[in-house]
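Colleague: I'd like to go through this model with you before I set anything up. Can you take my questions one at a time?

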Amino acid sequence: MNKQLSHYVNRDLSWMEFNRRVLQEAQDVNNPLLERVKFLAIVSSNLDEFMSVRVAGIQDQIRAGYTRTDFTGYTPAGLWKRLIKRSTQMVHDQYKTYREVFRALGREGISLRSIDELTISQNKAVSEYFHEIVFPVLTPMAVDQSRPFPLLHTKELYLSVLLSKNNEPEDEEPLFAIVQVPSILPRFVPLPGRMNSKKTEFVLLEDIIEQYIDTMFNGYTPMAVDPFRLTRNADLSLNEDDAEDLLAEIEKELRRRRWGIPVRLEVDKGMHPYALELLKEELEIEDNLIEIDGPLDLSFLMKFSLTIPGHDNLRYERLEPVYPQEFEETDDMFEVVRQRDVLMYHPYESFEAVNDFVLQAAYDDDVLAIKMTLYRVSGHSALVQALAKAAESGKQVTVVVELKARFDEERNIAWARQLEKAGCHVVYGLVGLKTHAKIMLVVRREQGTLRRYVHVGTGNYNDSTATLYTDIGLFTSHPIIGGDASALFNEVTGYSSPYDWKAFGVAPTDLKEKLFRLIDRERDNALAGKPARIIAKMNSLSNQEMIDKLYEASAAGVSIVLIVRGVCCLRPGVPGRSDNIKVISIVDRFLEHARVMYFNNGGEEEVYLSSADWMTRNLTRRIELMCPVFDPELRKTLINMLQLNLNDNVKARELQSNGSYAHVVNELLPFRSQFAARAIPQWKSYV
């Protein structure tokens with residue numbers, strides 16, 4: 001590695017450190033047991049996406065003969081080796097934790113049983129379940145001269161089956177077949193209780209299929225049955241410039257995703273060597289092969305943890321989001337927002353207020369138009385239904401639907417068609433750019449004039465993730481913000497020259513430059529002996545120019561604290577470069593998702609909400625939004641929220657100069673920011 005570039009942390013290695021922090025939550029004995037199970041599932045889901053996108057991209061670079069180093073000093077080949085080594089170790093640690101957690105669950109009366117542990121009555125129930133429910137949906141796929149190796153779908157669980165024909169010599173080469181474990185059936189099957197026992201017991205679906213595998217191969221004897229799983233390259237490669245119909249082009253690419261190049265092969269530890277060699281040869285995979293001592297694909301544990309009845313003592317105490325007090329005693333949300341800006345902090349405050357705002361707009365005769373962006377939407381979105389209702393009642397409804405939201409493409413296509421059917425104007429954004437900004441504009445006729453009501457957020461308009469992610473939303477009728485909102489939608493939906501933004505920072509046109517100006521102002525204040533401080537909260541920081549700008553401010557004496565949940569390529573503690581920069585990450589019950597930026601500005605404090613992380617893709621290849629908070633009381637509220645994070649010494653970890661993370665230690669009593677934030681409205685007045 002080039003010593004000259006050592007002051008940057010590699011993006012993908014930083015991501016591995018993030019997923020390590022997620023795994024640490026599964027290892028934390030202070031977390032409730034079923035919550036630790038959830039974190040094990042998240043580790044698996046995260047690794048799946050990382051392999052199918054990031055590692056797959058590195059694999060493509062190697063295949064293309066690309067050998068240049070990135071700005072952190074790594075070639076694709078060198079980075080590949082490190083990632084495979086670290087991910088293999090992570091999986092080993094994950095399954096060690098899995099065994100520890102399930103031993104503890106066993107002591108609480110919750111068990112995953114193997115077939116040979118079942119009682120007579122349980123065996124009978126399993127047999128009935130297999131023959132009545134499972135067997136009808138199974139399809140054995142033989143591989144021989146007349147039946148070629150089948151297409152294996154990415155991230156699906158399969159069983160490899162080696163067979164010998166009855167009455168054939170034992171030294172004959174075994175026959176090979178594949179059976180897919182049907183994903184339409186539950187991965188874990190509840191067992192009838194044992195006599196005089198209150199235990200909750202399950203058996204895995206693949207174990208049931210293996211037990212009765214001979215029923216699918218009459219006249220043959222199964223020699224070995226081993227589970228395996230393939231991960232393919234899942235990144236979409238769209239030619240948007242030549243696409244006459246973007247929706248149709250994305251649907252075509254989604255079908256191609258099934259044939260993506262294999263990236264990773266997971267197999268059962270001790271898999272029969274003949275079956276393993278055959279898979280490696282057919283799939284042309286050698287390097288990223290992981291032997292697993294336990295059930296493959298632990299992502300099923302998320303549903304497992306949620307569906308186990310009772311055992312509330314093994315879960316976090318239920319959080320009931322409160323309805324924002326500003327809207328609680330009114331039937332007219334427009335009147336409230338007309339008089340004052342309203343800030344909401346999810347999941348502590350209910351996302352229902354956003355749905356209600358759209359519903360009120362849909363039924364209000366004075367509302368003329370509703371415009372909004374949709375990036376990721378829940379499966380049963382009340383908000384989409386409200387937009388459809390507004391369009392059906394004759395209002396002008398414009399929805400910018402991002403069809404390229406990774407792994408949500410199919411759902412967004414379905415919503416787009418439903419909205420179009422209802423009469424909404426559906427726009428798919430601009431060629432080459434993802435629309436990631438989160439904004440809603442309502443235009444209302446009031447006393448002979450028009451007033452604009454705006455909602456901007458740091459998270460998606462998704463009522464499901466709003467209960468799992470920490471995000472912030474702002475309702476305002478400020479005319480300057482309203483004017484910028486109208487201009488933004490005009491740029492996205494029509495032809496419009498670059499706009500002179502009065503309040504917003506908008507990517508890809510000027511957001512990066514606006515951030516640079518704000519950082520430079522703090523630098524100049526520090527050089528002039530004035531107070532200079534930056535606090536920036538985001539999901540990821542990887543843009544080299546942004547990092548260099550922060551280094552420049554730090555060297556000038558600006559105090560900088562970064563709250564970066566995931567990837568951070570900035571290296572703190574480099575003498576003369578980042579002495580004044582501290583980076584913390586919080587991984588806890590809720591996914592920290594808010595983007596908030598604070599600038600001291602010589603005592604005239606400014607605070608911004610944003611949809612954008614400080615990554616190259618957000619600053620240059622996406623439509624992103626940064627919005628100021630003009631209300632002085634709400635600015636104080638946001639500063640209080642940031643202070644909650646800065647005081648955390650339970651779940652916060654600080655980035656060390658060597659790229660690792662260590663738990664934050666400070667002089668405070670044990671303080672957990674997400675638990676403190678539950679006491680609404682305590683976070684609004686926290687000091």
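Modeller: Sure. A pocket here is an open set of grid points with protein on both sides within 12 Å along at least five of seven lines, and its volume is the space filled by probe spheres set on the points. Keep in mind that this is a predicted model.

Colleague: With that in hand, what volume does the second largest pocket have?
Modeller: Its lining counts 15 residues, and Tyr98, Phe102, Leu112, Arg113 and Pro295 are the ones nearest the centre. Two or more lining residues come from each of α3 and β1 (110–113). The volume of the second largest pocket is about 320 Å³.

Colleague: Which element gives the largest share of that pocket's lining?
Modeller: By class, the lining of the second largest pocket splits into 5 nonpolar, 4 polar and 6 charged residues. The largest share is 5 residues, and the element that supplies them is α3.

Colleague: On to the enclosed spaces. How many cavities of 30 Å³ or more are there, and what is the volume of the largest?
Modeller: The structure has 5 cavities at or above that 30 Å³ cut-off. For the largest cavity, the volume comes to about 110 Å³.

Colleague: Which element gives the most to the lining of the largest cavity?
Modeller: The lining has 15 residues, with His346, Phe351, Gly459, Asn460 and Asp471 nearest the centre. Sorted by class, there are 5 nonpolar, 9 polar and 1 charged. Both β16 (449–457) and β17 (469–476) put in at least two residues. With 4 residues, the top contributor is β17.

Colleague: And the second largest cavity: how many charged residues are in its lining?
Modeller: This cavity holds about 80 Å³ of space. Its lining includes Asp48, Arg229, Arg264, Glu266 and Asp297. The elements giving two or more residues to it are α2 (33–63), α3 (76–107) and β8 (262–268). Alongside 5 nonpolar and 2 polar residues, the number of charged ones is 5.

Colleague: Let's look at α7, residues 273–283. Which of its residues are buried?
Modeller: The test is under 20% relative accessible area. The cover over the buried residues of α7 includes β3 (157–165), β4 (175–180), β7 (220–232), β8 and β9 (289–292). Just past the helix, Glu284 has a positive phi of about 55 degrees. The buried residues are Ala275, Leu276, Leu278, Leu279, Lys280 and Leu283.

Colleague: β4 turns up in that cover. What residue in β4 is the bridge partner of Val161?
Modeller: β4 pairs with β2 (140–143) in the antiparallel sense over 4 bridges, and there Val143 sits opposite Phe176. β3 and β4 also run antiparallel, over 6 bridges. The β4 partner of Val161 is Ala177.

Colleague: Last one: where should I avoid reading coordinates in detail, that is, where is pLDDT under 50?
Modeller: Overall, the mean pLDDT is 90, with 91% of residues at 70 or more. Where pLDDT is low, the predicted coordinates should not be read in detail. Residues 1–5 stay under 50, with 10 contacts beyond four places in sequence. Another stretch below 50, with 12 contacts beyond near neighbours in sequence, is residues 238–244.

How values were computed
Residues numbered from 1 in each chain as written. Predicted model: local features only at pLDDT ≥ 70, side-chain atom pairs only at ≥ 80, totals over all residues. Heavy atoms only, no water. 1 Å grid on protein atoms, 1.4 Å probe; cavity = no way out; pocket = protein on both sides within 12 Å on 5 of 7 lines; lining within 4 Å. Nonpolar A, V, L, I, M, F, W, Y, C, P; charged D, E, K, R; others polar. pLDDT = per-residue confidence, 0-100. Contact = heavy atoms within 4.5 Å. Buried < 20%, exposed > 50% of the residue type's maximum accessible area, 1.4 Å probe, protein only. Pairing = 2+ DSSP bridges.
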